[in-house]
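Here is a short set of exercises to work through with the structure open beside you. Try each task before you read its solution.

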Amino acid sequence: MNDDALQRSLYLNGYLADEALATTLWLAGQLERPLLVEGDAGVGKTSLATALAKARGQVLVRLQCHEGLDLSQAAYEWNYGRQLLAIRLHEGGTEQLREADLFSREYLLERPLLRAISSDEPCVLLIDEIDRADEAFEAFLLEVLAEYQISVPELGTLRARHVPQVILTSNGTRELSDALRRRCLYHFIDYPTLAREVAIVQALLPDVAASLTHQAIEFVHRLRREDLAKKPGIAETLDWLRALHSLEVESLPEDPRALSAALSCLLKTREDRFQFDAARVRQLFEGRQAGVAEHHAARAS
Amino acid sequence: MQPAPVDARDPIERIAGFAATLRDHGLSIGIAEQLAMVRAAAAMPLERAAHLDAAWRAIACHDPRDWRRWPDLFSRYWYPNRTRGSTRLSGQTRASRNLRQLVEELQDRLAAQQPGTARERTMDTAQQPLAVDADDAGVPRANAGASLSDPLHDRSMSQWLPQDLAQMESLVDRIARALRRRLTRRWRDAPNGARLDMRRTLRASLRTGGLPVHPVWRTPRRVAPRLFMLVDVSRSMETHAQFFLRVARAFVTAMDARVFVFHTRLAEITPLLRSDSATVQEKVNAVTAGFGGGTRIATSLADFRGVHARAQLTRPSQVWVLSDGFDADPPHRLAEELRAVRRRGARIAWLHPSPNAPVSEAMRAATADGLVERFHRLDSLADLAKLADLVS
């Protein structure tokens with residue numbers, strides 16, 4: 001699949017990737033390299049992996065990183081309960097139970113990394129929010145990402161039958177190590193332009209009136225330029241428009257107080273809510289109207 | 001008009017030349033990256049040669065910093081004629097650099113070489129450092145830094161005596177250790193921690209039939225504060241900037257600080273400070289060459305918290321501004337920006353070269369609110385020693 005085809009099939013699965021991103025994804029497949037995607041929360045990093053898996057018709061294996069994530073949660077763990085049970089069962093019997101029997105694949109619990117490595121089918125492995133995991137875990141990942149293998153001391157090295165397409169995401173809350181960065185291709189997803197965001201929303205929410213979509217996204221763009229503790233991402237725009245749609249709003253009203261509940265889809269910290277009272281929101285709404293008037297004036301002249 | 005001479009070098013060599021340029025600008029491009037760039041060009045269908053921009057960007061950039069600089073670096077190298085408003089070296093015509101032609105030649109060459117012999121290809125690129133050096137020799141590196149407004153002109157970093165350097169490094173180490181000592185109330189898992197996490201040990205023992213095979217140990221969690229240093233390199237700070245950058249470099253080594261320089265604009269120089277070479281000074285000059293006169297501390301701070309450190313400016317972080325506090329922005333803006341940084345939880349310290357804390361109008365507004373946690377003079381190693389005593 002070349003990058004054009006990939007872009008199209010991502011689109012069919014609800015993800016509008018720009019050309020550069022499609023080329024990068026294609027290259028990651030060609031070079032069999034993991035792809036590290038960075039960007040603010042809500043710009044579509046995780047949904048990229050979901051859409052890619054759908055576009056390729058592959059399974060998505062997801063590993064959500066968090067502080068204190070360790071091997072037993074990420075890669076594999078021995079199923080002690082079953083091992084104990086096996087020992088008990090053999091105690092009465094005549095058959096000898098060897099250690100190698102107990103430490104075989106049968107008693108190995110596969111966690112996401114091992115599941116992706118040992119999958120019979122090619123798959124997409126999403127390692128989400130890698131910046132939340134500890135540095136020690138990052139170091140462990142190096143082997144997995146460079147060689148696509150996991151070493152289990154009791155079993156030996158397990159190699160991938162099919163190299164999974166690995167996508168790592170990070171919000172940049174911690175600097176990742178150079179070693180990890182250099183093993184990955186890199187892509188930074190920024191907030192989309194107005195036209196792109198309109199296209200994204202129209203693709204995902206075709207039922208919402210076009211005029212409302214335009215107005216709402218212009219408002220969100222104006223909001224992003226403000227000094228917010230948490231800028232609304234595309235996910236927030238989509239949530240807000242879904243909310244407006246279900247409230248049967250056709251266009252943004254003059255009085256923003258009517259929308260105050262729906263605004264909580266966009267403003268997610270107390271400070272931001274406090275800063276954007278009805279008057280401030282109305283100002284931004286009015287900025288929208290001025291913008292439309294200017295736009296029409298420009299077109300008329 | 002005469003057509004520009006065609007670059008007759010081997011395509012792999014040309015890629016190596018580009019890689020060398022990227023390396024000169026602080027991107028970390030090793031053999032692996034160079035090899036990947038060649039492979040990307042070889043795999044790219046000819047009609048899509050223009051997409052090589054995106055493909056190489058994914059390979060060569062490793063963080064948002066590189067990512068933002070890429071479009072400029074790429075177009076300057078491959079499309080020098082498109083770049084407006086920049087001065088080029090005179091007296092030589094640049095060979096034309098055509099991406100499509102490069103891809104075509106590379107693919108022809110690989111096809112002629114019996115593709116599939118991966119080893120041969122690896123050998124090819126393994127020899128590239130030679131080509132890189134050759135290219136380096138032809139391009140004067142510091143040409144961009146030789147303007148009259150260099151903040152660091154004629155103050156060589158090599159004027160330092162080794163014992164001064166050693167003393168500074170030990171002082172900076174002391175400060176770094178003191179900052180790191182801040183404990184949090186949280187605990188983290190540690191195989192050789194001192195406290196047993198009874199709850200989790202019992203929970204884990206359920207899997208092993210009640211035997212605590214896997215005790216879980218914990219240790220207090222330490223969060224190393226992120227240190228951001230913002231160094232003023234405007235004219236008024238000319239005589240101090242060199243010392244400040246020396247100190248900043250030591251902090252980069254000791255605790256992975258991120259260092260920015262500013263006067264009218266702000267630029268990050270952390271990657272330049274990581275390597276100790278004689279050209280560091282020239283490179284810093286090159287970064288700040290186009291900044292123009294005046295100091296805009298508030299604008300620079302806004303850029304710093306809004307773009308460069310947006311995700312990392314959290315509670316344990318420290319922001320040190322190394323400046324005399326003379327700001328060309330409207331005086332109230334500095335207080336506003338400092339308040340915004342403070343609101344994110346970061347602590348602000350102001351290090352000034354003058355004996356007393358800065359008293360410009362902007363600074364008065366900022367200090368009235370207690371936004372700056374600490375003012376400290378930093379003009380010599382003795383001041384640094386006092387700072388070390390203070391924090392430890």
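**Exercise 1. Strand 5 and its partners**

Work out how strand 5 of chain A pairs with strand 8 of chain A, and then find what lies around strand 5.

*Solution.* Keep in mind throughout that this is a predicted model.

Step 1. Strand 5 of chain A runs parallel to strand 8 of chain A, and four bridges join the two. To place this pairing, look for Ile127(A), which stands opposite Leu168(A) in strand 8.

Step 2. Now turn to strand 2 (residues 59-64) of chain A, which also pairs with strand 5 in the parallel sense, here over six bridges. A useful marker is Val61(A), which sits opposite Leu125(A) in strand 5.

Step 3. Finally, check burial. A residue is buried when 20 or more other C-beta atoms lie within 10 Å of its own. Because five of the six residues of strand 5 (residues 123-128) are buried, this strand is largely enclosed by the rest of the structure.

**Exercise 2. A hairpin in chain A**

Determine the sense in which strand 6 and strand 7 of chain A pair, and describe their connection.

*Solution.* Step 1. Strand 6 of chain A and strand 7 (residues 156-159) of chain A are antiparallel, with four bridges between them.

Step 2. For one of the residue pairs, pick Ser151(A): its bridge partner in strand 7 is Thr157(A).

Step 3. Three residues lie between strand 6 and strand 7, and the two strands form a hairpin.

**Exercise 3. Helix 8 from end to end**

Describe the span, the bend and the packing of helix 8 of chain A.

*Solution.* Step 1. Helix 8 (residues 135-147) has 13 residues. From first C-alpha to last it reaches 19 Å, close to the 18 Å expected at 1.5 Å a residue.

Step 2. Follow the axis and you will find a bend of about 25 degrees at Leu141(A).

Step 3. Leu141(A) is also one of the buried residues of helix 8, together with Phe137(A), Phe140(A), Val144(A) and Leu145(A). The buried residues of this helix pack against helix 4 (71-74), helix 7 (112-117), strand 6 (149-152), strand 8 (165-170) and helix 9 of chain A.

Step 4. Just after the helix comes Tyr148(A), with a positive phi near 55 degrees.

**Exercise 4. Where chain A touches chain B**

Find which elements of chain A supply the side that touches chain B, and sort its residues by class.

*Solution.* Step 1. Chain A brings 25 residues to the contact, and chain B brings 25 residues.

Step 2. On the chain A side, at least two residues each come from helix 2 (19-31), helix 5 (80-92), helix 9 (178-183) and strand 9 (185-188). Helix 2 gives the largest share, seven residues.

Step 3. By class, this side of chain A holds eight nonpolar, 10 polar and seven charged residues.

**Exercise 5. A loop residue in chain B**

Is Tyr79(B) buried or partly exposed, and where is it found?

*Solution.* Step 1. Begin with the setting: chain B has 16 helices and nine strands, and 35% of its 392 residues count as buried.

Step 2. Tyr79(B) lies in the loop between helix 4 (64-78) and helix 5 (99-112) of chain B.

Step 3. Tyr79(B) counts as partly exposed because it has 13 C-beta neighbours inside 10 Å.

Step 4. To see how the loop is spanned, take Tyr79(B) and Leu99(B): they are 20 residues apart along the chain, with 9.6 Å between their C-alpha atoms.

How values were computed. Residues numbered from 1 in each chain as written. Chains lettered and ligands numbered in written order. Predicted model: local features only at pLDDT ≥ 70, side-chain atom pairs only at ≥ 80, totals over all residues. Contact = placed C-beta atoms within 7 Å. Nonpolar A, V, L, I, M, F, W, Y, C, P; charged D, E, K, R; others polar. Expected span 1.5 Å × (residues − 1). Bend = angle between axes of the 7 residues up to and from the residue. Buried ≥ 20, exposed ≤ 12 C-beta atoms within 10 Å, placed from the backbone. Pairing = 2+ DSSP bridges.
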